Each structure stands twice: as structure tokens, then as C-alpha cells.
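Open the model in a viewer and keep the selection panel at hand. The tour goes from one selection to the next and says what is there.

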Amino acid sequence: MSAGSPIRVAVHGASGRVGREVLRAVAAAPGLTLAAAIDRVPQDELPPLPADAPYYASVRDALAERPADVIVDFSLAHATLAMLPDALACGARPVIGTTGFAPEQIERIRGLCAQHGVGGFLAPNFTIGAVLLTKLAALAAPYFEYADIVEEHHEMKADAPSGTALGIAQAIHDAHPERFARNAPEREPLPGTRGGDFHGVSVHAARMPGRMAHHQVTFGGPGQTLSLRHDTNDRECYMPGVLLAVRSVAALPPGLTIGLDKLMSL
Ligand SMILES: NC(=O)c1ccc[n+]([C@@H]2O[C@H](COP(=O)([O-])OP(=O)(O)OC[C@H]3O[C@@H](n4cnc5c(N)ncnc54)[C@H](O)[C@@H]3O)[C@@H](O)[C@H]2O)c1
């Protein structure tokens, strides 16, 4: 892309729940232009898309006809890995929101980007609030003896606890390497009620309809608690982070940058 010209953005997984939000956000964002919408679902089987974009079933066909500087991906882990060589060969830098990669798949993404001499970006959580919650929790962790994380999600979520909850637990542990104090019940009539144990951080997961994604961290010590909470209620919440990544990815070093905090100067 040349300085001053709009950043051309293709969206992979475009007909999905987050992909549709990305189409809407890119179409409305100054300095960006929507190059193509890509998804395996045929367009005539879909409700109308929220933005006008040429629609393709294959990344290779899409980028041959509609070159893009960036490809935003919210699809499935195996689909991301399958499309990445074509996207990179066509000159599109990846901004990846898809989750569920095994560590070796992350390394494969890193290797493909490095091989093409470009920087790619991946964030397991694109909400700016969750990144700040993680940072604030790490800041507070050294000053307390007890720590709880309660996460709540919709009933369709496949994993428990959420990747974000585990990321927060890891950040808290990194900032407080000794194990947190944790009450061990003398009797546990309902096994598991005390939650998961991550280096003494108790982690609880709740699932039901009517929720999207919610994380609360509570620290405790004698005579006081400190609670930090982040709530998302609409998939629009990911868009400021996605647009930040789209605007930043061209300047990233070859390989893969992981985590929105890296783009937020925290
Ligand atoms: N990083 C974040 O902040 C964040 C936030 C929300 C969701 N996610 C992740 O993003 C992904 C998508 O979430 P969603 O809720 O939009 O799911 P979704 O099922 O609504 O959408 C996924 C889309 O990918 C498409 N797809 C699947 N395989 C494909 C292929 N081979 N080629 C082309 N398109 C293909 C599907 O047809 C679908 O339209 C998931 O991995 C989810 O966990 C990440």
C-alpha cells in the first residue's frame, strides 16, 4: 500500500457472526476500503451482508481479482491455516481473531509470515477492555493474598474456562509468582464447587443464554477486596481492536505479533 491510499481489507469468515461486524466496521472506517468478503457458505444461502463487497468462496480467487493489503480472519483454526499461504502469496498481511490454535499451529503461522518477510497479527481477545483488565489485574496481584476469577459466557461456548480467563490467570501468576492462598474445604459435598486451581487463583466458569462474555477478577486480603470487571454485550466490542490491528499490521516486524496489548503501548 502506498502512503495516503486507503488500506484494502479482505474479510475471511465474512458471513459469520464476527465477520459480519468486521464488514460493517471496515466499510464505515475512514482510510479503509473493503476489498472482498470471503466465506465457504454460498452467498445465495445467506441473509444479506451488512456491507456491499464482492463475495468469494476462495481466498485465492478473491485476492487475484481484488488485491488486499490486509486479510482479517474470524473463521475456524483449520480454515485459517488453509488460506494463509494463498493470502501471503497475494501480499495480504493477516490480522487473525480466530481462536483454538494448537501451539504448533501458531508456530506454523509465525513461520509462514516470516517466510514471506511480513508481520502478521493475532489476538485471542480483541476487546480493549479485556486487555486493560488483564494489565490492571497484574498491577494489583502482588499486593493481595487471595485471587478469584469468575467468567460468564453464553451457553454455546465450547471451552471452559475461557482463553481470556486463563490469560488473566497467567498474567496474575506472572506478577505474583508464589502461590495465592486458597481455602481447601474440609468437606466438598458437591465436587468442583471451589473452581479450578491455577497456582492458587480460583477460576469459575458459568454458562447460560442472555450473556456474551464477562470476566471479573477479585483480589482479597485482610479486611478488603478489590474487584475488576469487564463486560461485553455486543460483537461491536471487537471492532476498535480489529481496526487498530488493521492500521498497525504493516509496521509490524516479520513473523507474528500476538496480543492487542502490543499495539496499545501499555
Ligand atoms: N479474538 C477475538 O476477540 C474473538 C472474538 C470472537 C470470536 N472469536 C473467534 O473467531 C472465530 C469466529 O467466531 P464467530 O462467532 O464469528 O463464528 P461463526 O461460526 O459465526 O463464523 C465463522 C465463519 O467462518 C466460516 N468458515 C469456516 N470454515 C471456513 C473455510 N474453510 N473457508 C471460509 N470460511 C470458513 C464459516 O462459514 C462462518 O461464516 C472463532 O474461532 C471464535 O472463537 C475471536
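Which residue in β6 stands opposite Val95? Select Val95 and look across to β6: the residue opposite is Phe121. Keep in mind throughout that this is a predicted model.

**The seven-stranded sheet**

Widen the selection to strand β5, residues 93-96, and strand β6, residues 119-122; they run parallel and are joined by two bridges. Both belong to an open sheet of seven strands with parallel pairing, and the order across the sheet is β3-β2-β1-β4-β5-β6-β12. At the edges are β3 (55-56) and β12 (255-258), each of which pairs on one side only. In a regular strand, side chains alternate between the two faces of the sheet.

Next, add the helices that lie across this sheet. Select residues 77-89 for helix α3, which lies across β1 (7-12), β4 (70-73) and β5. The direction of α3 is at about 155 degrees to that of β5. Then select residues 103-115 for helix α4, which lies across β6 and β12. Relative to β12, α4 runs at about 130 degrees.

**The ligand**

Show the ligand and the residues around it. The shell holds 22 residues, and the closest are Gly13, Gly16, Val18, Ser75 and Ala79. By class, the shell has nine nonpolar, ten polar and three charged residues. Which helix gives the most to this shell? Helix α1, residues 17-28, does, with three residues.

**α1 and α7**

Keep α1 selected and add helix α7, residues 239-248. Two packed helices are described by the angle between their axes and the distance between the axes. For α1 and α7 the angle is about 60 degrees and the axes are 10 Å apart. The two helices are therefore oblique to each other, and the crossing of α1 and α7 is right-handed. To see the contact, show Glu21, Val22 and Ala25 on α1, then Met239, Val242 and Leu243 on α7. Five of these contact residues are nonpolar and one is charged, with no polar residue in the contact.

**α5 and α6**

Now move to helix α5, residues 128-140, and helix α6, residues 163-175. Their axes are 8 Å apart and meet at an angle of about 25 degrees. An angle under 35 degrees counts as roughly parallel, so α5 and α6 are roughly parallel to each other. The crossing of α5 with α6 is right-handed. From α5, the contact takes Ala130, Leu133, Thr134, Ala137 and Ala138. From α6, the contact takes Thr164, Gly167, Ile168, Ala171, Ile172, Asp174 and Ala175. The contact of α5 with α6 has eight nonpolar, three polar and one charged residues.

**The five-stranded sheet**

Leave α5 on screen and add strands β10 and β11: α5 lies across both, and runs at about 165 degrees to β11. β10 and β11 are part of an open sheet of five strands, in the order β8-β9-β7-β10-β11, with mixed pairing. The edge strands of this sheet are β8 (196-198) and β11, each pairing on one side only. On average, with direction ignored, neighbouring strands of this sheet are turned by 20 degrees against each other.

Zoom in on β10, residues 213-221, and β11, residues 224-232, which pair in the antiparallel sense over nine bridges. Within this pair, His214 stands opposite Asp231 in β11. The two strands form a hairpin with two residues between them. In the turn, select Gly223, where phi is positive at about 75 degrees.

At the other edge, select β8 and strand β9, residues 201-207; these pair in the antiparallel sense over three bridges. The bridge partner of Gly196 in β9 is Val203.

**Two backbone details**

Most residues other than glycine have a negative phi, and most peptide bonds are trans. Two places in this model are worth selecting with that in mind. His199 is found in the loop between β8 and β9. What sign does phi have at His199? The sign is positive, with a value of about 50 degrees, although His199 is not a glycine.

For the last stop, select Pro161, in the loop between β7 (146-153) and α6. The peptide bond joining Ala160 and Pro161 is cis, with omega of about 0 degrees.

Terms used:
Residues numbered from 1 in each chain as written. Predicted model: local features only at pLDDT ≥ 70, side-chain atom pairs only at ≥ 80, totals over all residues. Near = placed C-beta within 6 Å. Helix = DSSP H or I, 4+ residues; strand = E, 2+ residues; numbered from the N terminus. Nonpolar A, V, L, I, M, F, W, Y, C, P; charged D, E, K, R; others polar. Pairing = 2+ DSSP bridges. Contact = placed C-beta atoms within 7 Å. Axes fitted to C-alpha atoms, helices over the stretch in contact; angles between N-to-C directions. Parallel < 35°, antiparallel > 145°, perpendicular 65-115°, else oblique. Left-handed = near helix turned anticlockwise from the far one by under 90°.
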